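Biologist: Please take one part of this structure and go through it closely. Then show me what surrounds it.

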Amino acid sequence: MTTDVRPAHGRFDDFRLVVGTKSPTAGGCWCTAYRDSSVPNDQRADYMRQQCETEPGPGVLLYVDDEPAGWCSVAPRSTYQRLMRSRTIPFVDDRDPWSVVCFVVRPPFRKRGLMHVLLAGAVEHARAHGAQVVEGYPIEAGGSRVDVISGYVGSVELFEAGGFEVVAPTTGRSGHRPRVVVRREL
């Protein structure tokens, strides 16, 4: 199995395969919830197509043996409207960190540790675009199994394995589990 993480810039069709819904009117996120939650369901694909056409793109894609297998949303925090207005996820300082807000791994590729590969690729993508710091907002899983719906934000264990440190508590929750702010200085 060979893996490769590539920017989503110019790769909308691969992004669609990993994140998109089969029906354009389906209620899927399309990774717009943090960017602009006001985008109607039937316009989310076009919105993300535009994001994928704009440098540096909205995140990174994971390929396994050249097949699109996963997604990680990573971009400057200032580009995520929901984070900028959040009452549950605090700002740590006045810098504009690159934020890792979600992961998606297609079902045939799950349970292979690929979120670690995605996170490493997201950090390198941020570094290549001048990031000084990367942060995430994972759940405290406590070593227990996390369901797919709650785990889209990643776990503290995942981020710590990637060189991140817990820097602040939040009042946010995912799947009834507390979330924290983690950071990695670059």
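Modeller: The answer below starts with one helix and works outward.

This is a predicted model: local features need pLDDT of at least 70, side-chain atom pairs count only at pLDDT 80 or more, and totals for chains, interfaces and linings use all residues. Residues are numbered from 1 along each chain as its sequence is written, and side-chain values use heavy atoms, with hydrogens and water left out.

Start with helix α2, residues 44–53. Helices here are DSSP runs of H or I with at least four residues, strands are runs of E with at least two, and both are numbered from the N terminus. In α2, R44, A45, Y47, M48 and C52 are buried. Buried means under 20% relative accessible area, exposed over 50%, and partly exposed in between, with a 1.4 Å probe and protein chains only. Seen down the axis of α2, the buried residues fall within an arc of 160 degrees, so they line one face of the helix. That arc is taken from the directions from the helix axis to the C-beta atoms. The face turned away from the buried side carries Q50 and E53, which are exposed.

What does the buried side meet? The buried residues of α2 pack against α1, residues 12–19. Contact means heavy atoms within 4.5 Å.

Now follow α1. Helix α1 lies across β2 (59–64), β3 (67–76) and β4 (98–105). Its direction runs at about 100 degrees to β3. Axes are lines fitted to C-alpha atoms, for helices over the stretch in contact, and angles run from 0 to 180 degrees between N-to-C directions.

Those strands belong to an open sheet of seven strands, in the order β1-β2-β3-β4-β5-β7-β6, with mixed pairing. Two strands pair if DSSP finds at least two bridges between them. The edge strands are β1 (3–7) and β6 (165–174), each pairing on one side only. From one strand to the next, the twist averages 25 degrees. At the β6 edge, β6 and β7 (residues 177–185) pair in the antiparallel sense over six bridges. There, S174 stands opposite R177 in β7.

Last, the whole chain. Its secondary structure comes to five helices and seven strands. Along the sequence the pattern is β-α-α-β-β-α-β-α-β-α-β-β. Buried residues make up 46% of its 186 residues.
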